[in-house]
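Hi there,

I'm passing along the structure we talked about, so that you have the sequence and coordinates in one place. My notes on what turned up follow just below it.

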Amino acid sequence: PGPDTVKREWIRSMAPKSIVFCCANPVPEIWPYAAKEEGAFIVATGKGDFPNQVNNSVCFPGILKGALAVRARKITDGMAIRCAHSLADFAKARGISPDNIVANMEETDVFAVEAADVAMQAIAEGVARIEATWQEVHDKALADINASRKIVKDLMAGSHIKEPPKAML
């Protein structure tokens, strides 16, 4: 574990426009800047303090919110796969670049979109206990997320809680 697990020379030996996912936490296998210096076109990590954070934090909120929205009996593989497709569709619709291939934790709407997509998958698979439309799930999820984020911001503004380190955002 740690930097230099993936060697700079290995990155140099890769094809042009190579993609490197160094997702170990808390320290990636190679620092993203080092991979870029050696020719990687896209670099993603599991950490929020670097571009392209690719870890469960960008899917779990949407999966859970979608499952709860329709009172799903369980979370299926299909629901998790649908969430992954939802995340990819969201990124594609808003545009991607080498340093911005996936939504980040500040893009609130991604979680509402994931929740709605996951809920629809749960309904399609017959594991939902209640029916809802995509728009109903999306709007409720977005309202809940925005309300929660406002509470946290108000608590920070009032010095009741500290702002988290950037790596936690």
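Helices H5 and H6 cross in a right-handed manner. This is a predicted model, so please read everything here with that in mind. H5 covers residues 108-125 and H6 covers residues 134-157. The angle at which they pack is about 145°, and their axes lie 8 Å apart. On the H5 side, the residues that meet H6 include Phe 111, Ala 112, Ala 115, Ala 116, Ala 119 and Met 120. H6 contributes, among others, Trp 134, Val 137, Ala 141, Leu 142 and Ile 145. Sorted by type, the residues of this contact comprise twelve nonpolar, three polar and three charged.

Next, the strands. E1 (residues 19-22) and E2 run parallel and are joined by four bridges. Two of the pairings are easy to pick out on screen: Val 20 has Val 43 as its bridge partner in E2, and Phe 21 has Ala 44. Between the two strands the chain passes through helix H2 (residues 32-37), giving a right-handed β-α-β crossover.

How are the faces of each strand covered? In a regular strand, side chains alternate between the two faces of the sheet. E2 is covered on both faces, with Ile 42 and Ala 44 buried on one side and Val 43 and Thr 45 buried on the other. E1, by contrast, has a covered face made of Val 20 and Cys 22 and an uncovered one made of Ile 19 and Phe 21.

The loops gave me a few more things to show you.

Between E1 and H2 sits Pro 26. The peptide bond that joins Asn 25 to Pro 26 is cis, with omega at about 10°.

The loop between E2 (42-45) and H3 (60-69) holds Val 58, and Asn 52 is found in that loop too. Val 58 has a relative accessibility of 4%, so it counts as buried, the cut-off being under 20%. Leaving aside residues up to four places away in sequence, Val 58 touches Gln 53, Leu 87, Val 102, Ala 103, Met 105, Phe 111 and Glu 114. Phe 111 also appears in the contact of H5 with H6. Measuring nothing by eye, you can also check the pair Val 58 and Val 110: they are 52 residues apart in sequence, yet their C-alpha atoms are 8.3 Å apart in space. As for Asn 52, its phi is positive, at about 65°, although it is not a glycine. Asn 52 is buried, with a relative accessible area of 5%.

Finally, the loop between H3 and H4 (77-94) contains Ala 72 and Arg 71. Buried or exposed, where does Ala 72 fall? Ala 72 is buried, because its relative accessible area of 15% is under the 20% cut-off. Its contacts, again without residues up to four places away in sequence, are Ala 67, Met 79, Ala 122, Val 127, Ala 128 and Arg 129. Ala 72 and Ala 119 are 47 residues apart in sequence and 8.0 Å apart in space, C-alpha to C-alpha. Ala 119 is one of the H5 residues that meet H6. Arg 71 has a positive phi of about 50° without being a glycine, and at 48% relative accessibility Arg 71 counts as partly exposed.

Happy browsing, and all the best!

Note on methods
Residues numbered from 1 in each chain as written. Predicted model: local features only at pLDDT ≥ 70, side-chain atom pairs only at ≥ 80, totals over all residues. Heavy atoms only, no water. Buried < 20%, exposed > 50% of the residue type's maximum accessible area, 1.4 Å probe, protein only. Contact = heavy atoms within 4.5 Å. Pairing = 2+ DSSP bridges. Right-handed = clockwise from strand over helix to strand, strands pointing away. Axes fitted to C-alpha atoms, helices over the stretch in contact; angles between N-to-C directions. Left-handed = near helix turned anticlockwise from the far one by under 90°. Nonpolar A, V, L, I, M, F, W, Y, C, P; charged D, E, K, R; others polar.
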